[in-house]
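Colleague: Please take a close look at a single part of this model and describe it in order, for a reader who is new to protein structure. I should like the account to begin with the term on which the description rests, and to end with the surroundings of that part.

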Amino acid sequence: MKFRDLGLIEPILKALNDKNYTEPTPIQEQAIPIILRNQDILGCAQTGTGKTAAFAIPIIQLIQQKETHQGKPKLRALIVTPTRELAIQIDENIAEYSKYTNLKHAVIFGGVKQGKQVTKLRNGVHILTATPGRLLDLQDQGHINFNDIKLFVLDEADRMLDMGFIHDIKKLIRILPEKRQSLFFSATMPENIFKLSRTILNDPAKVEITPASTTADTVKQEVYFTNMSTKRDMLVHLLKTEIDDQVLIFHRTKHGADKIVRYLKGRDIRSVAIHGNKSQNQRQAALKDFKSGKVNIMIATDIASRGIDIDKLKYVINFNIPNVAEDYVHRIGRTGRAGESGRAMSICEPEENAFLKDVMKLVGNKIKTINDHPFPQTDKPMTEREKKEFNKQKEAKKREMIAARRASGQNRGSRQKSKSNYRR
Ligand code: AMP
């Protein structure tokens, strides 16, 4: 199957050709025709499957074909996604696929001043990508008019709920035009997500690309058992002996991510960290340095890294085993994207053995144990200091989740802020 067979218009085919994309990925092959015939979609797929283009391309086509291009552009499509990085990435994709059309697009997210975003909105856009907090805030202030929206995308619905955006989403649904086409995407589909989808969608077609077939098949997965006290040595050993290209390292906490940067710096290894305590500008700068190859090692927390797309990333290292098994799938999904091969290495200390079991259950025991290394795990019980550190990390993770929720409230105007504070 070629993109040409999907009935796409010339300006889009030309843009895809510029990117050397000739064949649609499975989710694109399934979703594009459904969206073009104006049907709603319930999509179970994670990033890395080509999901963004699967909704962006038909949205651009549907709007381009109907637009008269007279007067100020009207907001026709709204895409809502949980994190700023993801929002920026989706908007960049839209810019690329729509470059031979006259469509206007913009992205809005919290954590930065709203002035530039408001100016863009005032000039008129056809396609808007947004995070929930800033979207509702600007709508509240009268800067966005939802009346002409024909297409609505809710992206990463499960993460949206994890991050505490449920009230924002429900509010948004109430104020969107009832007559619209809706596309709903989630990496997982537990009961609460499915229920939410039913309040948004009308007779949807189901599209499913399961994580097992998108990540496990193209990513070589390995685990290195070690102790807490030798974890950092293990990391340096891997960086020096196994890694010959760019690597994304996951850490459970923001504090821990910063500590690794400092530890590596002490060993003359340059790295950058990306997490929620960094300002938007710092995060963008770190990402830019990494994407351009100026820095080859990036340490990220789960939330900050969600959906980040780095071309042909070969290596992912899990400095700790995530305590939510699904996060493992998201982490290793950063490599082996769109059919490229990748390698995911996890460093596991005794206290994380149980988390690893959960992960193994989810991915079907596809993780190979590598015993041949200088820092093997011993069975000695944790020392008091290690136990304290472990509990500290657990607490820090909890605080991070709470702070992430709070940040979504803080991005709002004062009226909204007081409301969300009240909610908590
Ligand atoms: P996504 O799931 O949207 O984050 O996309 C994952 C990666 O696949 C991104 O780098 C896309 O640019 C790339 N991609 C999307 N569609 C295609 C395609 N049809 N052929 C090759 N690469 C693609």
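Modeller: Two strands are said to pair if DSSP finds at least two bridges between them. The model is a predicted one, and the part chosen here is a sheet to which this definition applies at every step.

Strand 10 and strand 11, the latter formed by residues 297–300, run parallel and are joined by three bridges. They count as a pair because the definition asks for at least two bridges. One position can be located exactly: Ile274 faces Ala300 of strand 11.

These two strands belong to an open sheet of seven strands with parallel pairing, and the order across the sheet is 10-11-9-12-13-8-14. The edges are formed by strand 10 (272–274) and strand 14 (367–369), each of which pairs on one side only. From one strand to the next, the twist averages 25°.

Strand 12 stands between strand 9 and strand 13 in this order. Strand 9, made of residues 247–250, pairs with strand 12 in the parallel sense through four bridges. Four bridges also join strand 12 to strand 13 (residues 342–348), again in the parallel sense. Val316 takes part on both sides: Val316 is the bridge partner of Leu248, and the partner of Val316 in strand 13 is Ala344.

Where do the side chains of strand 12 stand, on covered faces or on open ones? Both faces are covered, with Tyr315 and Ile317 buried on one side and Val316 and Asn318 buried on the other.

Asn318 merits particular attention. This residue is part of strand 12, which spans residues 315–318. Asn318 counts as buried because its relative accessibility is 0%, and the limit for a buried residue is under 20%. The side chain of Asn318 makes a polar contact of 2.9 Å with the side chain of Ser346. If neighbours within four places in sequence are set aside, the residues in contact with Asn318 are Phe250, Tyr328, Arg331, Ile332, Met345, Ser346 and Ile347.

Three members of that list, Tyr328, Arg331 and Ile332, are also among the buried residues of helix 15. Helix 15 covers residues 325–332 and is mostly covered, as seven of its eight residues are buried. The others buried in helix 15 are Ala325, Asp327, Val329 and His330.

Another helix, helix 13, consists of 13 residues (280–292). Its first and last C-alpha atoms are 18 Å apart, close to the 18 Å expected at 1.5 Å a residue. Gln280, Arg283, Ala286, Leu287, Asp289 and Phe290 are the buried residues of helix 13. Just after this helix comes Gly293, with a positive phi of about 90°.

The model also holds an open parallel sheet of seven strands in the order 3-4-2-5-6-1-7. Strand 3 (105–108) and strand 7 (205–208) have a single partner each, so one side of each lacks a neighbour in the sheet. Here the twist averages 15° from one strand to the next. Strand 3 runs parallel to strand 4 (residues 127–130), and four bridges join them. Within this pair, the bridge partner of Ile108 is Ala130. Helix 2 (residues 26–36) packs on this sheet, where it touches strand 1 (41–44), strand 6 (181–186) and strand 7, and its direction makes about 165° with that of strand 7. Helix 4 (residues 84–97) lies across strand 2 (77–80), strand 3 and strand 4, and runs at about 175° to strand 3.

Ile108 also appears in the surroundings of Gln117, a residue of helix 5 (residues 115–123). Gln117 is buried because its relative accessible area is 8%, where the limit is under 20%. A polar atom of its side chain lies 3.1 Å from the backbone oxygen of Phe109. Apart from neighbours within four places in sequence, Gln117 is in contact with Val107, Ile108, Phe109, Val112, Arg134 and Leu138.

Finally, the whole protein may be considered. It has 18 helices and 14 strands, and buried residues make up 55% of its 424 residues. Of the contacts with a separation of 6 or more, 78% join residues 24 or more positions apart.

Note on methods: Residues numbered from 1 in each chain as written. Predicted model: local features only at pLDDT ≥ 70, side-chain atom pairs only at ≥ 80, totals over all residues. Heavy atoms only, no water. Buried < 20%, exposed > 50% of the residue type's maximum accessible area, 1.4 Å probe, protein only. Polar contact = N/O pair within 3.5 Å; in protein donor to acceptor, adjacent residues only side chain to side chain. Contact = heavy atoms within 4.5 Å. Expected span 1.5 Å × (residues − 1). Axes fitted to C-alpha atoms, helices over the stretch in contact; angles between N-to-C directions.
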